[in-house]
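Please read the following walk through the chain with the sequence and the structure side by side. The paragraphs start with strand pairing and then turn to rings, loops and the chain as a whole.

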Amino acid sequence: MALNARLDHRNPLVFDTHELGRRPGAMQRLTRTIDAPVDLGIQGVIGVPEGAPVELELRLESVMEGVLVTGTARASAKGECVRCLEPLEQVLEADFQEMFSYPDADDRGRPKAEPVDDAEDDEDTLPLEDGLFDLEPVLRDAVVLALPMQPVCQDDCPGLCSECGARLADDPEHHHDALDIRWAALQGLAGSLEDGEKDELSGAEPGVDEKQEK
């Protein structure tokens, strides 16, 4: 079997469709467990650790244009709660479906598409290369869509105390006595007055004692 120079059949995320054939309606089911590639998820937020097992269930269907791949990826994602900053782990299940097109699809009895100036359609098309397709970009997109942008350890996580940083879930009664800054100034003034009165009294005491002695 001739192998494409760009795709390596030894890569666990590269799949071979030669056994499926090009007869429309043919179908093949595949299961495979792979090691998660690097940065599988939302970087810095939550994702599947590199090397962690990812279970893939795929259904390959031969159609006129190419091979329609429908599948599910299951893995364990790890991250950090955005409220309390504690480590968290959650089960990930990501569904996906993608068409991998034959390079010569327009030569198989179908009318050729009119040429267009915009190349976006070509960029969005994933090709079959010598009967091989690379599932990695599809898997990455599916995992990102399946993961929460702001993961939490539990839906009602109260987060951290804004004053001291204590984890509120560990101490539901945790609180700080609120002090109105307007009263704080008056309390400071009252304290100063009390200190002044004490100083006056302490200064007057020697004179009082002298009068008493006379």
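In this predicted model, the bridge partner of Thr 31 in β5 is Glu 57. The pairing belongs to a longer register, since nine bridges join β2 to β5 and the two strands run antiparallel. On the other side of the register question stands β6, which covers residues 66-80 and is joined to β5 by eight bridges, again in an antiparallel arrangement. Within that pairing Glu 61 stands opposite Leu 68 in β6, and the link from β5 to β6 is a hairpin that passes through three residues.

Which side chains of β5 point to the buried face, and which to the other? In a regular strand the side chains alternate between the two faces of the sheet. Strand β5, residues 53-62, follows this alternation: Val 54, Leu 56, Leu 58, Leu 60 and Ser 62 point to one face and are buried, whereas Pro 53, Glu 55, Glu 57, Arg 59 and Glu 61 point to the other face and are not buried. Glu 57, the bridge partner of Thr 31, and Glu 61, which stands opposite Leu 68, are thus among the residues of β5 whose side chains point to the face that is not buried.

Leu 60, one of the buried residues of β5, leads on to a loop residue, Thr 17, with which Leu 60 is in contact. Thr 17 is found in the loop between β1 and β2, the latter spanning residues 27-35. Is this threonine buried or exposed? With a relative accessible area of 6%, Thr 17 counts as buried, because the cut-off for a buried residue is under 20%. Leaving aside neighbours within four places in sequence, the contacts of Thr 17 are Leu 60, Val 67, Leu 128, Gly 131 and Phe 133. With Gly 131 there is also a polar approach, in which the side chain of Thr 17 reaches the backbone oxygen of Gly 131 at 2.8 Å.

Phe 133, another contact of Thr 17, brings the reader to the aromatic residues. A search of the whole structure finds two aromatic pairs. Phe 15 and Phe 133 form a stacked pair, with 5.5 Å from centre to centre and 15 degrees between the planes. This pair links distant parts of the chain, as Phe 15 lies in strand β1 (residues 14-16) and Phe 133 in strand β9 (residues 132-134), 118 residues apart. Both partners are buried: Phe 15 has a relative accessibility of 1%, and Phe 133 has one of 0%. Phe 100 joins them, and Phe 15, Phe 100 and Phe 133 form one aromatic cluster.

Charged side chains also meet rings in this model. The charged end of Arg 32 sits over the ring of Phe 15, at 4.0 Å from its centre. Elsewhere Arg 22 lies over the face of Tyr 102, at 3.9 Å from the ring centre.

Several loop residues deserve a separate look. Most residues other than glycine have a negative phi, and most peptide bonds are trans. Asp 39, in the loop between β2 and β3 (40-42), has a positive phi, near 55 degrees, and is partly exposed with a relative accessible area of 47%. Leu 85, in the loop between β6 and β7 (87-101), is not a glycine either, yet has a positive phi of about 65 degrees; Leu 85 is partly exposed as well, at 46% relative accessible area. Gly 159, by contrast, is buried at 4%, and this glycine is found in the loop between α2 (136-146) and α3 (181-213). Although Gly 159 and Arg 83 are 76 residues apart in sequence, their C-alpha atoms are 4.3 Å apart in space.

The chain as a whole frames these details. Its secondary structure comes to three helices and nine strands, and from the N terminus on the elements run β-β-β-β-β-β-β-α-β-β-α-α. Among contacts with a separation of 6 or more, residues 24 or more positions apart account for 63%. Of the 214 residues, 28% count as buried, and the accessible surface comes to about 14700 Å², of which 48% belongs to carbon and sulfur atoms.

Note on methods: Residues numbered from 1 in each chain as written. Predicted model: local features only at pLDDT ≥ 70, side-chain atom pairs only at ≥ 80, totals over all residues. Heavy atoms only, no water. Helix = DSSP H or I, 4+ residues; strand = E, 2+ residues; numbered from the N terminus. Buried < 20%, exposed > 50% of the residue type's maximum accessible area, 1.4 Å probe, protein only. Phe/Tyr/Trp six-rings, centres within 6.5 Å; stacked < 30°, edge-to-face > 60°. Lys NZ or Arg CZ within 6 Å of the ring centre and 35° of its normal. Contact = heavy atoms within 4.5 Å. Areas by Shrake-Rupley, 256 points an atom, 1.4 Å probe, with all protein chains shown as cover. Polar contact = N/O pair within 3.5 Å; in protein donor to acceptor, adjacent residues only side chain to side chain. Pairing = 2+ DSSP bridges.
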